[in-house]
Amino acid sequence: MIVTIQGVVKRFGAVTAVDAVDLTVADGELFTLLGPSGCGKTTLLRLLAGFYQPDSGTIRFGDRVVNGLAPYERRIGMVFQNYALWPHMTVAENIGYGLRLRRLPGEDLARRLQEGLRKVNLIGFEARYPGQLSGGQQQRVALARALVLNPDILLLDEPLSNLDAKIRIQVRAEIRRLQRELAITTIYVTHDQEEALSLSDRVAVMRDGRVLQVGPPRDLYERPRTRFVADFVGTNNLVPGEVESRSAEGGDMVVRTALGPLRAIANGAVSTRCVLAVRPENVALGAAATGEGNRVAGRVSLVSYLGSTVRYDVETAAGLVLKADIRDAWHHDPLPVGRPVTLHFPSSVTLAVADDA
């Protein structure tokens with residue numbers, strides 16, 4: 001089922017929570033709305049679900065305009081952040097609740113209930129109550145309850161935020177497996193960029209009710225177009241500056257910064273004022289800092305052991321702190337705090353992006 005959002009606006013008093021959003025979600029796609037708290041992503045999801053009505057704009061499911069339709073008329077499945085399970089009902093009763101409202105014959109209800117339990121690996125848990133389940137198991141019940149209705153579209157609102165880190169990764173993988181197996185159009189809301197990158201076919205980054213950039217996870221990570229996207233998706237070194245010169249094609253440029261002139265490539269529409277974005281994993285230091293490209297001197301101010309990575313904070317003479325990651329932590333002898341080092345990062349991985357701060 002294709003979902004089309006055209007010029008959708010939603011206001012609450014003087015606050016514009018969703019501001020002229022245009023999006024198209026492909027049939028069978030797992031599409032994520034990513035952004036900080038208050039950016040409008042949950043409001044947009046609730047507009048799709050029918051819990052809110054847009055002040056203007058159009059929402060289509062396939063060829064059908066769903067503005068004004070009640071949630072039960074939209075053929076959606078919804079998974080809430082707090083699971084919304086009935087505590088006095090068993091697992092089977094919670095999953096089958098929507099089926100009973102539809103007055104399915106007993107045999108059909110039992111068959112679809114067993115199918116739902118199988119999909120989320122909860123066979124044998126039918127008689128338990130939500131209070132007797134772990135957080136991950138409760139999330140599976142909520143997912144099964146949405147899926148047994150055979151919805152055209154699955155909507156998930158921060159479904160993993162209440163789980164601990166290890167269970168979150170496990171349930172995340174199960175959601176992705178199920179979504180691919182069922183080929184159901186899925187719209188997923190999260191503020192967790194790692195979750196968005198690992199799950200999604202495409203991601204829309206939102207801020208202040210607007211969509212700033214849409215693309216596959218790799219594009220958002222490697223080619224952010226604005227300072228906000230570069231800063232929100234993963235970790236980036238951000239260096240403000242002004243364009244000093246450009247190549248004839250406009251892609252290669254020299255940017256004047258507090259660290260001196262740095263070479264970069266433009267990504268998106270870049271005016272005179274811009275920000276350079278460099279991922280820590282693309283910054284070499286010490287003996288590894290060889291070859292052509294940008295070079296910056298500094299001193300180690302912090303060393304952080306992150307398991308597979310050692311991260312260095314390097315303070316420059318201009319007072320800016322740049323991060324550099326050493327991937328092979330096992331074979332690396334950490335440098336002491338205060339050690340002078342030279343940072344090296346090629347112009348090919350130094351992106352000039354719009355300064356939207």
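Here is a friendly conversation about sheets, salt bridges, a surface patch and a pocket.

Biologist: Before we start, what kind of model is this?
Modeller: Residues are numbered from 1 along each chain as its sequence is written, and side-chain values use heavy atoms, with hydrogens and water left out. Local features need pLDDT of at least 70, side-chain atom pairs count only at pLDDT 80 or more, and totals for chains, interfaces and linings use all residues, since this is a predicted model.

Biologist: Let's take the sheet with β1 in it; which strands are at its edges?
Modeller: Strands here are DSSP runs of E with at least two residues, and helices are runs of H or I with at least four, numbered from the N terminus. Two strands pair if DSSP finds at least two bridges between them. Four strands form this open antiparallel sheet, in the order β2-β1-β4-β5. Pairing on one side only marks the edge strands, β2 (15-25) and β5 (64-65).

Biologist: Within that sheet, which residue stands opposite Gln 6?
Modeller: Strand β1 (residues 3-12) is joined to strand β4 (residues 56-61) by five bridges, in the antiparallel sense. Across from Gln 6, in β4, stands Thr 58.

Biologist: And in the sheet of five strands, what is the order?
Modeller: The edge strands, each paired on one side only, are β15 (284-285) and β18 (321-326). β15 pairs with strand β19 (residues 340-345) over two antiparallel bridges, and strand β16 (residues 294-305) is joined to β19 by six. The open, antiparallel sheet therefore reads β15-β19-β16-β17-β18.

Biologist: Which residue in β19 is the bridge partner of Arg 299?
Modeller: On the β15 side, Ala 284 stands opposite His 344 in β19. For Arg 299, the partner in β19 is Pro 340.

Biologist: Turning to charges, how many salt bridges does the whole structure hold?
Modeller: Side chains of opposite charge can pair when their charged atoms come close. A salt bridge here is a side-chain nitrogen of Lys or Arg within 4 Å of a carboxyl oxygen of Asp or Glu. Searching the whole structure gives 18.

Biologist: Why can Lys 119 and Glu 115 meet, and how far apart are the closest N and O atoms?
Modeller: The two are four residues apart in helix α4 (residues 106-119), so about one helical turn separates them. Lys 119 is buried at 9% relative accessibility, where buried means under 20% relative accessible area, exposed over 50% and partly exposed in between (1.4 Å probe, protein chains only). Glu 115 is partly exposed at 28%. The closest N and O atoms of this salt bridge are 3.3 Å apart.

Biologist: What separation in sequence does the Arg 176 and Asp 201 pair span?
Modeller: Their salt bridge has its closest N and O atoms 2.7 Å apart. Arg 176 is in helix α6 (residues 165-182) and Asp 201 in the loop between α7 (193-199) and β9 (202-207), so the pair ties together parts separated in sequence by 25 residues.

Biologist: Of those two, is Arg 176 buried or partly exposed?
Modeller: Asp 201 has a relative accessible area of 31%, so this residue is partly exposed. Arg 176, at 9% relative accessibility, counts as buried.

Biologist: Which residue forms a salt bridge with Arg 207?
Modeller: Arg 207 counts as partly exposed, at 26% relative accessibility. The closest N and O atoms of the pair are 3.8 Å apart, and the partner is Asp 356.

Biologist: How many residues apart are Arg 207 and Asp 356?
Modeller: Asp 356 is partly exposed too, at 24% relative accessibility. Arg 207 sits in strand β9 and Asp 356 in the segment after β20 (351-354), so the pair links distant parts of the chain, with a separation in residues of 149.

Biologist: Which elements give two or more residues to the lining of the largest pocket?
Modeller: A pocket is an open set of points on a 1 Å grid over the protein atoms alone, where a 1.4 Å probe fits, with protein on both sides within 12 Å along at least five of seven lines; lining residues have an atom within 4 Å of a point. Of the 17 lining residues, those closest to the centre are Ile 76, Met 78, Gly 98, Leu 101 and Leu 149. The elements asked for are β6 (76-79), α3 and α5 (135-147).
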